[in-house]
Amino acid sequence: MTTRGATVNDHVADNHNLIRVQGARENNLKNVSVDIPKRRLTVFTGVSGSGKSSLVFGTIAAESQRMINETYSAFVQGFMPTLARPEVDHLEGLTTAIIVDQERLGANPRSTLGTATDANALLRILFSRLGEPHIGGPQAYAFNVPSASGSGALTVKRGNKIAEKATFSVTGGMCPRCEGMGVVNDVDLTEIYDENLSIREGAIKVPGYTADGYYVKLFASAGFFDADKPIKKFTKRELHDFLYKEPVKVKMEGANMTYEGLIPKIQKSMLSKDRDAMQSHIRAFVDRAVTFQTCPDCDGTRLAEGARNSKINGVSIADACAMQLTDLAEWIRGLDEPTYAPLIQSLSDSLDAFVDIGLGYLSLDRPAGTLSGGEAQRTKLIRHLGSALTDVTYVFDEPTIGLHPHDIQRMNELLLQLRDKGNTVLVVEHKPETIAIADHVVDLGPLAGTKGGEITFEGTVKELRASDTLTGKHFGYRAHLKDTVREPSGQIEIRGASAHNLQDVDVDVPLGVLCVVTGVAGSGKSSLIEGSMPKDEAVFIDQSAIRGSRRSNPATYTGVLEPIRKAFAKANGVKPALFSSNSEGACPTCKGIGLVFTELGFMATVSTVCDECEGKRFQASVLEYKLGGLDISEVLSLPVAEAREFFADGEAKTPAAAKTLGHLVDVGLGYLTLGQPLSTLSGGERQRIKLATKLGEKGGTYVLDEPTTGLHLADVENLLALLDRLVDAGKSVIVIEHHQAVMAHADWIIDLGPGAGSDGGRVVFEGTPRGLVEDARTLTGQHLAEYVQ
């Protein structure tokens, strides 16, 4: 209640209009203090690695989530992940944070767009009520639930013991042939084993099954066949036991172990996983040894016969999931069932949200692992659009990833809608189209890594344009169309491409030039290049994020640590394993991490620098060995650019290491230290590390899927220079991209469209960037014309 003469605006509670950060030191932040206005749209910008994510996600969002977790009881907190308090002196004015990051949806092969959202659950309930013939509850339409039945004796202890006969049955929707995967596999046995060798001689060719390894010892001691006899001399029974035997207990070195045939063991350990989630050598083995084909029983729908035959108005749940979402939404609206009106309305609202956010071209049976970063991020956003919550903080990590300039406008409208409902919207972003709608801009820099981590600008967009920061200078950047373009040296012919939504596409992809494939999201770009182009001698660099733990770093991920360890070992006459913090050289106290973690139950885990190695991660005896005057920990502390010079000449000359480090410098990561944990790197830095690793692979053609992900405008210029160097060195570079600066720099453009989903899948333009601008009939041509000078 206010006093006489006072207005509502005078209330003391209305004075808290800022989120205050004081002394933030997460990762590379240098004691940053900043005030962020609430109920406004604030964009955080700066070059890749300047500290944006450390401030927004690592500090503000992390502390908000940690404090919310502390409101639960100690019992509940015991089941929740413990979140460490961020390195910051003081935070004030925080509200509940909802994070919409750029992580791809889970790559579980059983996960689809429908199962990853609420849509499939609602659809299953609808069919369990209205489907004819009726086959059971919602689980009867779920392809992840197998049918099961059983019987036995059930003992109920109520005074005297009473044994009762009990039976049960569960009607699931899983296709028994493919176990709900939609595909069946056929294994090429010649790639599984060499029949001329015995088990002990290393006949098994599967990764991880070495002749002296655990698995081979188990096979040899099982007793079902002679492990010293060549496999081609096995009897039918021995070969069956070797390949297909059901799990059975056997003795190995006095212990009870489970033996199982090689094929089911491979299926459980490798083939049940998503291909993209596999390690590269396992993926190569699976590609070589296994062929996948659509399940002939369910025709790829994953569903059992009962679920496929139960229909509403002639449409089965398999048909509904295969429909484009725009068509499915229309079909749902056409159902006249007043009894189930709330269910139909909820499902209709969910599908309309997909359409409103620009994903109407997808279908519910689309595997979640095949969604692009932009599609996955928008899918996560859907559940928040109709939320009645206000005064919360929405935190977005580059929401325009994977979006054509035409789609960015729609995403901007959604961000403004969230703000206008009274929410605080924090966006980490590089695209000028999104920065332009901000109420407030915070620019970090001036550069990346140790040369960043400072606030270089705070203010409005108008003030940013006039500022002297790197972002301010590039904000009004407009690309130039090239006066001359390179002539192709050949071409890849794609004929009759029909993967996903492609409509029998014929196109020639030029070689020896920079070719950009573009079009609105969902127009069929990746389907055309990654799904239809011959993969021989092509190096594919997709948008999937590299996984990083505190033990992995640029040296381990790129493989440069291997020649470095060998160089140290040769110079000092010792084993290479001593120079790995994950192997024999690791500090015994911290196990090679450099930090000691103290668990405090449900409270935040405390980390302290290891007293034994002082954070160097190696045993003291290992640090006595030198190469070129430096020990291994000092080498791992070198920035990449300095390390390249160190290994290029002199006593420490190691050409293999210098070459790989050169690739990291080429992609603009010369400032990173070799031993910096991957978990501390930004999305853009991880993307470029992956690019640098692939540059070392042999191949005449490079295919890059949205390489500008996570890159500042200044970084994009460096990327274009790198692509030019590749083409000038005789390589062919094909880039799937939406960024206008990359389009303008191309020698040849293939534009797909005109729309997304069933409205796309056709080539709407082939030619030079100048020709696309002059044509101006396609959406891409119109946006490129606005961008170039």
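Is Asp241 buried or exposed?

**View 1. Surroundings of Asp241 in helix H6 of the predicted model.** Asp241 is a residue of helix H6, which comprises residues 236-244. With a relative accessibility of 5%, Asp241 counts as buried, because the cut-off for that class is under 20% relative accessible area. Leaving aside residues up to four places away in sequence, Asp241 is in contact with Phe224, Phe225, Tyr259 and Gly261.

**View 2. A nonpolar surface patch that includes Phe79.** Four residues, Tyr72, Phe75, Val76 and Phe79, make a nonpolar patch of about 460 Å² on the surface. Phe79 itself is located in the loop that connects helix H2 (74-77) with strand S4 (88-92). The relative accessible area of Phe79 is 65%, and this residue is therefore classed as exposed, the cut-off being over 50%.

**View 3. Helix H23 and the helices against which its buried residues pack.** Helix H23 runs over residues 655-666 and has 12 residues. At 1.5 Å a residue, a span of 16 Å is expected for H23, and the end C-alpha atoms are indeed 16 Å apart, so the two values agree. The buried residues of H23 are Ala657, Ala658, Leu661, Gly662, His663 and Leu664. The packing partners of these buried residues are helix H19 (554-558), helix H20 (561-572), helix H22 (640-648) and helix H24 (683-695). Just beyond the end of H23, Gly668 adopts a positive phi of about 85 degrees.

**View 4. Strand S25 and the burial of its residues.** Strand S25 covers residues 732-736 and is mostly covered, with 5 of its 5 residues buried. Ser732, Ile734 and Ile736 point to one side of S25, whereas Val733 and Val735 point to the other. Residues of both sets are buried.

**View 5. Pairing of strand S25 with strands S20 and S24.** Which strands flank S25 in this view, and in what sense do they pair? Strand S20 (residues 514-519) pairs with S25 in the parallel sense, over 4 bridges. Within this pairing, Val735 of S25 is the bridge partner of Val516. Strand S24 (residues 701-705) also pairs with S25 in the parallel sense, here over 5 bridges. Tyr702 stands opposite Val733 of S25. Val735 and Val733, the S25 residues named in these pairings, point the same way from the strand and are buried.

How values were computed: Residues are numbered from 1 along each chain as its sequence is written. This is a predicted model: local features need pLDDT of at least 70, side-chain atom pairs count only at pLDDT 80 or more; totals for chains, interfaces and linings use all residues. Side-chain values use heavy atoms; hydrogens and water are left out. Patches are made of residues with over 30% relative accessible area and no salt bridge: like charges are joined within 9 Å, nonpolar side chains (Val, Leu, Ile, Met, Phe, Trp, Tyr) within 5 Å. Accessible areas come from the Shrake-Rupley method with a 1.4 Å probe; for residues, only the protein chains shown count as cover. A salt bridge is a side-chain nitrogen of Lys or Arg within 4 Å of a carboxyl oxygen of Asp or Glu. Helices (H or I, at least four residues) and strands (E, at least two) are DSSP runs, numbered from the N terminus. Buried means under 20% relative accessible area, exposed over 50%, partly exposed in between (1.4 Å probe, protein chains only). The expected span of a helix is 1.5 Å times one less than its number of residues. Contact means heavy atoms within 4.5 Å. Two strands pair if DSSP finds at least two bridges between them.
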